[in-house]
Amino acid sequence: MSECFTVAALRLWPVISRHLQGTRACDNRFMPRPIRALMHTQAMRHNLAQVRQAASDARVWAVVKARAYGHGLVNAFHGFRAADGFAVLDLEEAQTLRSLDWRGPILLLEGVFEQRDLEWCSRLDLWHVVHTESQIDMLSRHKTQVPQRVFLKMNTGMNRLGLAPERFRSAWARLNALPQVDEISLMTHFAHADDQVGVEAALQVFEATCHDLPGERSLANSAAVLRHGQQPAVVADWVRPGIALYGSSPDHPEHHAAHWGLRPAMSLRSQLIAVQHLKTGDEVGYGGLFKAPHDMRLGVVACGYADGYPRHAPSGTPVLVNGVRCHSVGRVSMDMLCVDLTPVPAAQVGSEVTLWGLATSGEVLCIDQVAAAAGTVGYELMCALAPRVPVQVDE
Ligand SMILES: *Cc1c(COP(=O)(O)O)cnc(C)c1O
């Protein structure tokens, strides 16, 4: 754990990350439990460069909502400084970025939630999405000397946020007439970003509705940029990648992260804290869900669902022990999970376990594979990283 102390020596970050991100930093009072999450800022830089390449000339919002998909907003800020802007969900995230001295664009992806949020938009110089008439009403009541830049969002079939195409132009005209509004950009979000037909359908609705309106356009998330980056209409002026920046493939299992040249930005590592010698028929964990089919060595890992590891991960979920691919057995419990050590006879108490991401040996276990085994997506696992897991920043 000596790396933890090195990190603690970088005094500022542990303090910032604990207070601003609600995550625990390594601390030199006690040896923490061996689990830790490493945030690889170099991989973030690399992934941003990959996405930028796929998006040709478009400007790139680094989407850093949800504590930067669990990576910590401050860490992500350092990883994505080369982005053209940051896209966030709430004012606190925007304020944190300004406090880190980010002077570039910040976009509120769902816009404002109440009238007084507009004061903060003025104070923090935020751009914001307008997806509903009531946000236009709020803008019309906002008292400001400095008009605001807005992104008017169209619903092109996802039916979540955005104005219906038939109401879009009147909303645009209303906004355009407001002294509170400066530039109006046009935006939508694909319901089927990985599917060519779905993207075409949404594009058609979007273009048919606003082809003659002025303003910059933003349509693409990670999947759309990576899969349809050769289509100028998809890439448009601003792209909004999130998941790809963190090294997860947006269209797993069709394509793996390596196919897109992405590297994991988060590694969840722990250690074996016990080794058991099972005889044929011995059971493992609550409910005895796993029964040893033969004599075997079993490793007990200091990682459970209270750390954010998915409880639904069944026996057979991949885990790296000393960089060697093994699999979990039995039920994941709150603080522990178990691994069949058959592929790695040298493993012992203290051996490194990589739950996802990069092992010290350089071996990678894609978060997408763990997520798929547990019936979910990389997004959810990243976001669920628990506050009790110490975070270590790996340059
Ligand atoms: C979260 C979000 C994104 C990023 O999506 P990814 O699939 O993570 O790339 C883009 N646009 C909007 C509106 C979002 O809410």
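The lining of the largest pocket divides into 13 nonpolar, 4 polar and 6 charged residues, and I should say at once that we are looking at a predicted model. In total 23 residues line this pocket, and those that lie nearest its centre are Lys 65, Tyr 69, Arg 160, His 189 and Asn 221. If we ask which elements give two or more residues to that lining, they are α4, which runs over 65–69, and α11, which runs over 222–228. The space in the largest pocket comes to about 500 Å³.

Now to the ligand, whose space is this largest pocket. The residues around the ligand are Val 63, Lys 65, Tyr 69, Leu 109, His 189, Asn 221, Ser 222, Arg 240, Pro 241, Gly 242, Ile 243 and Tyr 379, and by class this shell divides into 6 nonpolar, 4 polar and 2 charged residues.

Let me go through the polar contacts one at a time. For Ser 222, a polar atom of the side chain lies 2.5 Å from an oxygen atom of the ligand. With Arg 240 the partner on the ligand is a nitrogen atom, and the distance from that nitrogen to an N or O atom of the arginine side chain is 2.9 Å. In the case of Ile 243, by contrast, it is a backbone N or O atom that comes into play, lying 2.8 Å from an oxygen atom of the ligand. As for how much of the ligand is covered, on its own the ligand has 390 Å² of accessible area, and the protein covers 92% of that.

Terms used: Residues numbered from 1 in each chain as written. Predicted model: local features only at pLDDT ≥ 70, side-chain atom pairs only at ≥ 80, totals over all residues. Heavy atoms only, no water. Near = heavy atom within 4 Å. Polar contact = N/O pair within 3.5 Å; in protein donor to acceptor, adjacent residues only side chain to side chain. Areas by Shrake-Rupley, 256 points an atom, 1.4 Å probe, with all protein chains shown as cover. 1 Å grid on protein atoms, 1.4 Å probe; cavity = no way out; pocket = protein on both sides within 12 Å on 5 of 7 lines; lining within 4 Å. Sits in = over half its atoms within 2 Å of the grid points. Nonpolar A, V, L, I, M, F, W, Y, C, P; charged D, E, K, R; others polar. Points joined across faces, edges and corners; volume = space filled by probe spheres on them. Helix = DSSP H or I, 4+ residues; strand = E, 2+ residues; numbered from the N terminus.
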